[in-house]
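Open the model in your viewer and have your selection tool ready. We will take one helix, turn it around, and then zoom out to the whole chain.

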Amino acid sequence: MNTTKYPATVRELGDMAEKLGMKASELLEMLGPIPMPPAGYTLARRSGDRWTGPETFNRGWIITPAWNASTNTHSIELWAASHEPPSYANLTPDEALQLAADLTAVAKTVQALA
């Protein structure tokens, strides 16, 4: 996929337009509407294009919905508390079922946004 990052400032817009030999208004028309993060998402620390939604916490994991402003793509990030490379996280069958339920709930929410 070939994407162009939307300019964050008027100066960036002007520089991009000049580099492409276009007027700023022409570049804005080409880029289309400004990508907007889903409601409730916040810009991730030390990132210019990664936004994260409300996390699902459990003793054994954290599930975070994410949105990339540069590519306008949604994803789901999973951190398992007991996972330290090179080993694998270990879940009991009950924990695995709860994780599956939590992932399903988050996936349905993220799917509705995409």
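Start by selecting Pro93, Asp94, Leu97, Lys108, Gln111 and Ala112: these residues of helix H3 are exposed, meaning over 50% relative accessible area, while buried means under 20% and partly exposed lies in between (1.4 Å probe, protein chains only). A word on what you are looking at: the model is predicted, so local features need pLDDT of at least 70 and side-chain atom pairs count only at pLDDT 80 or more, whereas totals for chains, interfaces and linings use all residues. Residues are numbered from 1 along each chain as its sequence is written, and side-chain values use heavy atoms, leaving out hydrogens and water.

Now rotate to the other side of H3 and pick Glu95, Leu99, Asp102, Val106 and Val110, which are buried. Looking down the axis of H3, you will find its buried residues within an arc of 70°, so they line one face of the helix; the arc is taken over directions from the helix axis to the C-beta atoms.

Next, add strands S3 (56-58), S4 (61-68) and S5 (73-80), against which the buried residues of H3 pack. Helices (H or I, at least four residues) and strands (E, at least two) are DSSP runs, numbered from the N terminus.

Finally, show everything: the protein chain holds three helices and five strands, in the order α-α-β-β-β-β-β-α. Its radius of gyration is 19 Å, well over the 13 Å from the globule rule for 114 residues, so the chain is more spread out than a compact globule. That radius is taken over C-alpha atoms, and the rule is 2.2 Å times the number of residues to the power 0.38.

Key. Contact means heavy atoms within 4.5 Å.
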